[in-house]
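The exercises below ask you to read a protein model element by element and to justify each reading from the geometry. Work through each task before turning to its solution.

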Amino acid sequence: MTDSIFQIKGLSFAYRRQVIYEQANLTLTAPGVYGLIGPNGSGKSTLFNLITRLLRPAKGMILLDGAGLTPSRVFASVAYAQDSSVLYPYLTGRDHLRFVARQHGAAAEKIAKLSDELEVTDFIDRGVARLSLGQKQRLLIALALVPESRLLLMDEPLNGLDPDSVIIIRDLLAEFKTSDQIVIVSSHNLDELDKVTDQLIFKVDHGLSLETAAEGAEARYAELYRHPRKKLVRHG
Ligand SMILES: Nc1ncnc2c1ncn2[C@@H]1O[C@H](COP(=O)(O)OP(=O)(O)OP(=O)(O)O)[C@@H](O)[C@H]1O
C-alpha cells in the first residue's frame, strides 16, 4: 500500500546511445501544481512523452493512483498540452474543441466556458494555420482542459504568450492548486513558475529531484546547472 498518487519507478530511457533517464524515480503524494525544470535538451518533453506512452521506457514503471498507465488509462486520465504541431492546420479551433469534447463525453457548454476563460472565442472559427503562436498555445491549453483529467501535463505553456495571456494561464494554474488534479508544467520562465508553485521537479543528471525551492526556482537552477563563466582572455 502506498500513498503516492503519481509515481515513477526505476525509469530508464535512451535515444540510441544518448541516455536521458537512468533509474529515475519520482513520487508525488498530493494533487496540485508541479513545475518541471531542466536546461534545453535535458529531457522534459521526453518525460511527458514517456508518461503518455508516445515513447516506451527501456525499464521502469509509471503509476497513476497506484496502477500502470496503459494506453486506455492515458486516454481516460491524462491530458497533454503538447506543442502546436499536434493541431490540424485546416481545422478551426472549434473543430478541435468539439472533437475532443465528443471523444471524452464533455458537454458542449464546456467548450464555451473554456473558450471564454482562455479568450479563444475571437478566433475560434479561424483555421489553425492562420493563428499566431500565442493563439495556438491558448487553444492547446483549452483542449487539454476539456476532459478534466486526473493528470495534466503542460509542455512550455507560456511559450510565445503576451503578458495578458501569461496572466490568464497564471490565474488558471492558481485554480489547480486546490483541485484534485495533478498538473505538471514544464517552463523556462522560472519567475512565473515561482508565482504558481513552490513544488519543483528538477531534471538532475539522469534522474528527477522533487524539491520545495524556498529560495526560488532561479537560485536553485543556478546552483544545479549554471557553469562558471569562462574568463575572457585579453590579448595585447
Ligand atoms: N526523436 C528523437 N530522436 C533522437 N533524439 C531526440 C529525439 N527527441 C529528443 N531528442 C534528444 O533528447 C534530448 C532531450 O530532448 P527533450 O526534447 O526531451 O528536451 P527538453 O528538456 O524538453 O528540451 P527543451 O527545453 O529545449 O524543450 C535532446 O538532446 C534531444 O536532442
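**Exercise 1: two hairpins**

Strand β9 (residues 199-204) and strand β10 (residues 207-212) run antiparallel and are joined by six bridges. The model is predicted, and the tasks should be read with that in mind.

Task. Describe the pairing and the turn of the hairpin formed by β9 and β10, and then treat the pairing of β1 with β2 in the same manner.

Solution. Start with a pair of residues that face each other across the strands: F202 stands opposite S209 in β10. Next, turn to the connection, where two residues lie between β9 and β10, and D205 in that turn has a positive phi of about 55°. Now move to strand β1 (residues 6-15) and strand β2 (residues 18-28), which also run antiparallel and are joined by seven bridges. Here F6 has L28 in β2 as its bridge partner, and the hairpin again has two residues between the strands. The last step adds the other neighbour of β1, since strand β4 (residues 59-64) runs antiparallel to β1 and is joined to it by five bridges, with Q7 opposite L63 in β4.

**Exercise 2: positive phi outside glycine**

Task. Locate R16 and E148 in the chain, and decide whether R16 is buried or exposed.

Solution. First, R16 lies in the loop between β1 and β2, and its phi is near 45°, a positive value in a residue other than glycine. To classify its surroundings, count C-beta neighbours: the limit for an exposed residue is 12 or fewer within 10 Å, and R16 has 5 inside 10 Å, so it counts as exposed. Second, E148 lies in the loop between α5 (133-145) and β7 (151-155), and it too is a residue other than glycine with a positive phi, near 50°. Because 13 other C-beta atoms lie within 10 Å of E148, this residue is partly exposed.

**Exercise 3: helix α1 and the ligand**

Task. Which residues of α1 are buried, and which element gives the most to the shell around the ligand?

Solution. Begin with the helix itself: in α1 (residues 44-51), the buried residues are K44, L47, F48, L50 and I51. These residues cover an arc of only 160° around the axis, which means that they lie on the same side of α1. After the helix comes R53, with a positive phi near 65°.

Then list the surroundings of the ligand, which are Y15, Q18, I20, G38, N40, G41, S42, G43, K44, S45 and T46. Two or more residues of this shell come from each of β2 and α1, and α1 gives the most, with three residues. Sorting the shell by chemical class gives two nonpolar, eight polar and one charged residue.

**Exercise 4: the chain as a whole**

Task. How many helices and strands does the protein chain have, and what does its radius of gyration say about its compactness?

Solution. The secondary structure comes to eight helices and ten strands. The radius of gyration is 19 Å, close to the 18 Å that the globule rule gives for 236 residues, so the chain is as compact as a globular protein of that length. Along its principal axes, the C-alpha trace spans about 60 × 60 × 35 Å. Two further values complete the description: 33% of the 236 residues count as buried, and, among contacts between residues at least 6 apart in sequence, 68% join residues at least 24 apart.

Definitions and conventions:
Residues numbered from 1 in each chain as written. Predicted model: local features only at pLDDT ≥ 70, side-chain atom pairs only at ≥ 80, totals over all residues. Buried ≥ 20, exposed ≤ 12 C-beta atoms within 10 Å, placed from the backbone. Helix = DSSP H or I, 4+ residues; strand = E, 2+ residues; numbered from the N terminus. Arc of directions from axis to C-beta. Pairing = 2+ DSSP bridges. Near = placed C-beta within 6 Å. Nonpolar A, V, L, I, M, F, W, Y, C, P; charged D, E, K, R; others polar. Rg over C-alpha atoms; globule rule 2.2 N^0.38 Å. Contact = placed C-beta atoms within 7 Å.
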